[in-house]
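Which local features deserve a look before this model goes into a calculation? The report below works through them in turn.

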Amino acid sequence: MDGTVDRVVEEGSPRGSSRTDAALSGEDERRDSDHSRGTHETHPDDERSLPLREFYPYIRCALCNGFFIDATTITECLHTFCKSCIVKHFFYSNRCPNCSIVVHQTQPLYSIRPDRQLQDIVFKMVPYLEEDERSRIYAFYKQRGLDVPKPVASPATYPVKLPQRQKKDMLPQSVFTIPSELDVSLMLEFVGAEKGIENYKPLERKYVRVSGEATVRHVELFIRRKMELSQNCKVDVVCGEHLLQQCQSLREVFNTMGKHALQDGMLVLHFGLVLPAQ
């Protein structure tokens, strides 16, 4: 394998290939040359030198084949990718690209974490990578007339001792806060099943928070999956005294029904199981 790096990125992205091919090749040649000299002039206290390409399996993203940028690890299997690469991948799949394990049934982005220590290692191993990435980000924001974000502090900088309250305020909030797109809270109340419908599981989770763009059809599919319903069973969803249509969005139902359909700030939906009309 040579020292070149090919990164496949979306047009207009601030991220691109980390270095030129010539720069990488020259760096590997220098390391190989140092390594060759070391084989002739060894000393017990000398550290063994290895060419950079031998570390490629550990510092390159399997999705874009470039060095890690914003290294992000899947908590379920501990495989690491560039942040933008794995986020784009999860738009159409909930499985790990490496091992195909199901990361999360519905929200795989909840199961990824930044790996800053690995990213620091990559920046130290690959010369000019960090500087090139900073310059690309700067150019990206400048071309679009946007405010350039402040650069990340150097990893070598020692943390400043902060008051206890300020430490609490600076803790990562992503794990504990609800994403803004999940803006509708539901209470699903089961009213019963028509005679002849049997062998279904109880709905253990009746409180759900979803996007207002979700439809009544999505709610029905959720109920079917959780209660393990057969195909010959129909789910009727009612809000107040109105039988809801599958194409209605929950935001539309929320706005139409008003406060009368709410209980403790949650939209109450009653559902029952019926046999399809013959």
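What follows covers aromatic pairs, an annotated domain, a pocket, and several single residues. The model is predicted.

## Aromatic pairs

A pair of aromatic rings is described by the distance of the centres and the angle of the planes. Rings pair here if their centres lie within 6.5 Å. By this rule there are 4 aromatic pairs. One of them joins Tyr56 and Phe67. Their ring centres are 5.6 Å apart and their planes meet at 65°. An angle over 60 degrees counts as edge-to-face, so this pair is edge-to-face. Tyr56 sits in helix α2, residues 56-59. Phe67 belongs to the loop between α2 and β1 (71-74). The pair therefore ties together parts that are 11 residues apart in sequence. Tyr56 is buried, at 2% relative accessibility. Phe67 is buried too, at 0%.

Phe190 and Tyr200 make another pair. Here the centres are 5.8 Å apart and the planes stand at 75°, so the arrangement is edge-to-face. Phe190 lies in strand β4 (residues 184-193), and Tyr200 in the loop between β4 and β5 (207-210). The two residues are 10 places apart, and the pair links distant parts of the chain. Burial or exposure: which applies to Phe190? Neither label fits, because its relative accessible area of 33% makes Phe190 partly exposed. Tyr200, at 29%, also counts as partly exposed. Phe190 and Tyr200 form one aromatic cluster with Phe271.

## The annotated domain

An unreviewed UniProt entry carries the annotation "domain: RING-type" for residues 61-100. In the model, the end C-alpha atoms of this span lie 16 Å apart. The span is 18% helix and 18% strand.

## The second largest pocket

Rolling a probe the size of a water molecule over the atoms shows where empty space is left. The second largest pocket holds about 860 Å³ of space. Its lining has 22 residues. Which of them lie nearest the centre? They are Thr106, Gln107, Val208, Arg209 and Val210. β4, β5 and α7 (216-227) each supply at least two lining residues. Helix α7 gives the most, with 6 residues. By class, the lining has 11 nonpolar, 6 polar and 5 charged residues.

## Contacts of three residues

Leu250 lies in helix α8, residues 250-257. Its relative accessibility is 0%, so Leu250 counts as buried. Beyond its neighbours within four places in sequence, Leu250 is in contact with several residues, among them Val184, Leu186, Val210, Leu267 and Leu269. The contacts also include Ser211, Gly212, Ala214, Thr215 and Val219. Val210 appears in the pocket lining as well. From Leu250 to His218 the C-alpha distance is 9.6 Å, across 32 residues of sequence.

Ser111 is placed in the loop between α3 (83-89) and β3 (112-114). Ser111 is buried, with a relative accessible area of 6%. Neighbours within four places aside, Ser111 is in contact with Thr73, Ile74, Thr75, Glu76, Val103 and His104.

Lys234 is found in strand β6. Lys234 is partly exposed, at 43% relative accessible area. Which residues does Lys234 touch, not counting those up to four places away in sequence? They are Arg224, Gly272, Leu273 and Val274. The C-alpha atoms of Lys234 and Val274 are separated by 5.2 Å, although the residues are 40 apart along the chain.

## Positive phi angles

Two residues that are not glycines have a positive phi. The table gives their values.

| Residue | Phi | Location | Relative accessible area |
|---|---|---|---|
| Tyr128 | about 70° | loop between α4 (116-125) and α5 (129-143) | 53% |
| Glu228 | about 55° | loop between α7 and β6 (234-239) | 51% |

Exposed means over 50% relative accessible area. Tyr128, at 53%, therefore counts as exposed. Glu228, at 51%, is exposed as well. The loop of Glu228 runs between α7 and β6. Helix α7 is the element that gives the most to the lining of the second largest pocket, and strand β6 holds Lys234.

Technical notes
Residues numbered from 1 in each chain as written. Predicted model: local features only at pLDDT ≥ 70, side-chain atom pairs only at ≥ 80, totals over all residues. Heavy atoms only, no water. Phe/Tyr/Trp six-rings, centres within 6.5 Å; stacked < 30°, edge-to-face > 60°. Helix = DSSP H or I, 4+ residues; strand = E, 2+ residues; numbered from the N terminus. Buried < 20%, exposed > 50% of the residue type's maximum accessible area, 1.4 Å probe, protein only. UniProt positions renumbered as here; feature names shortened; annotations may be inferred. Contact = heavy atoms within 4.5 Å. 1 Å grid on protein atoms, 1.4 Å probe; cavity = no way out; pocket = protein on both sides within 12 Å on 5 of 7 lines; lining within 4 Å. Points joined across faces, edges and corners; volume = space filled by probe spheres on them. Nonpolar A, V, L, I, M, F, W, Y, C, P; charged D, E, K, R; others polar.
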